Amino acid sequence: MGHVYEDRLYVSLDELCFNAENGSNRGRMGRKNYDDDTRMNKATIIDDAITYIQQLQDEVQNLSQELHEMEATTEEIEEPKIVEFDAAEEMKKWGIQEEIEVTRMDGNKLWVKMIIENKRGRFNKLMETMHTFGIELIHTNVTTMKGAFLITTCIQGMNGETLEVDKIKQLIPDIIRVI
């Protein structure tokens, strides 16, 4: 091997099997260690390629099997069930009653406070229906608790239309009954 001087190991380039013609390690990826005298011929290259492809196929097979096992375990895990509850009963239990307040703020803007029963999709339907009646909701806040929605919002008529408090007080309960 190399020479040892002052606790250091020195190795010559010849001892490291450095070959200037094949300086790249790419050609040696799947090959066994060959003597420097052995030249790469077509048979050696094909043999190395076959060995390397077999290694890759084995790796693909192992990874596919691992993936299949992971998919099987995820199928076994049950999804959490959504607990449905009777919102009206929950509101009654806590003494919460449906309520609608409408107050003029300034100009065309009205402030609306609604306490309504919490049903799936009801808030979206409310927004869509209000929009179809030409009412634009701005600065809307929604809170859900004890089976009820608490919705506070500022509304104004689309295209600058003036909304009347009394008409909105009559319209909103009708909309809520329909949705």
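In which strand is Thr 153 found? Look along β6 in this predicted model and you'll come across Thr 153 there. Its relative accessibility is just 1%, and since anything under 20% counts as buried, Thr 153 is buried. Its side chain isn't without a polar partner, though: it makes a polar contact with the side chain of Thr 140, at 2.8 Å. Setting aside neighbours within four places in sequence, Thr 153 is in contact with Leu 110, Trp 111 and Val 112, and also with Leu 137, Ile 138, His 139 and Thr 140.

Now move to Ile 155. With the same kind of neighbours left out, Ile 155 has a list of contacts that includes Leu 110, Val 112, Leu 137, Leu 163 and Ile 168. Ile 155 also belongs to the largest nonpolar core, a set of 20 residues, where Met 114, Leu 126, Ile 155, Ile 168 and Ile 172 touch the most other members. At least two core residues come from each of β4 (109–117), α3 (122–132), β6 (148–157) and α4 (165–178). The largest share belongs to α4, with six residues. As a rule, nonpolar side chains in soluble globular proteins tend to be buried together.

What about the aromatics? Searching the whole structure turns up one aromatic pair. Phe 123 and Phe 149 make up this pair, tilted at 45° between the planes and 6.3 Å centre to centre. Phe 123 sits in helix α3 and Phe 149 in strand β6, so to speak a link between distant parts of the chain, 26 residues apart. Phe 149 counts as buried, because its relative accessibility is 8%.

One last stop is Trp 94: the charged end of Lys 146 sits over its ring, 3.9 Å from the centre.

Key. Residues are numbered from 1 along each chain as its sequence is written. This is a predicted model: local features need pLDDT of at least 70, side-chain atom pairs count only at pLDDT 80 or more; totals for chains, interfaces and linings use all residues. Side-chain values use heavy atoms; hydrogens and water are left out. A nonpolar core is a set of buried Ala, Val, Leu, Ile, Met, Phe, Trp, Tyr and Cys residues joined through side-chain atoms within 4.5 Å. Buried means under 20% relative accessible area, exposed over 50%, partly exposed in between (1.4 Å probe, protein chains only). Helices (H or I, at least four residues) and strands (E, at least two) are DSSP runs, numbered from the N terminus. Contact means heavy atoms within 4.5 Å. A polar contact is a pair of N or O atoms within 3.5 Å; within protein, one must be able to donate a hydrogen and the other to accept it, and residues adjacent in sequence count only if both atoms are side-chain atoms. Rings of Phe, Tyr and Trp (its six-membered ring) pair if their centres lie within 6.5 Å; planes under 30 degrees apart count as stacked, over 60 as edge-to-face and the rest as tilted. A charge sits over a ring if NZ of Lys or CZ of Arg is within 6 Å of the ring centre and within 35 degrees of the ring normal.
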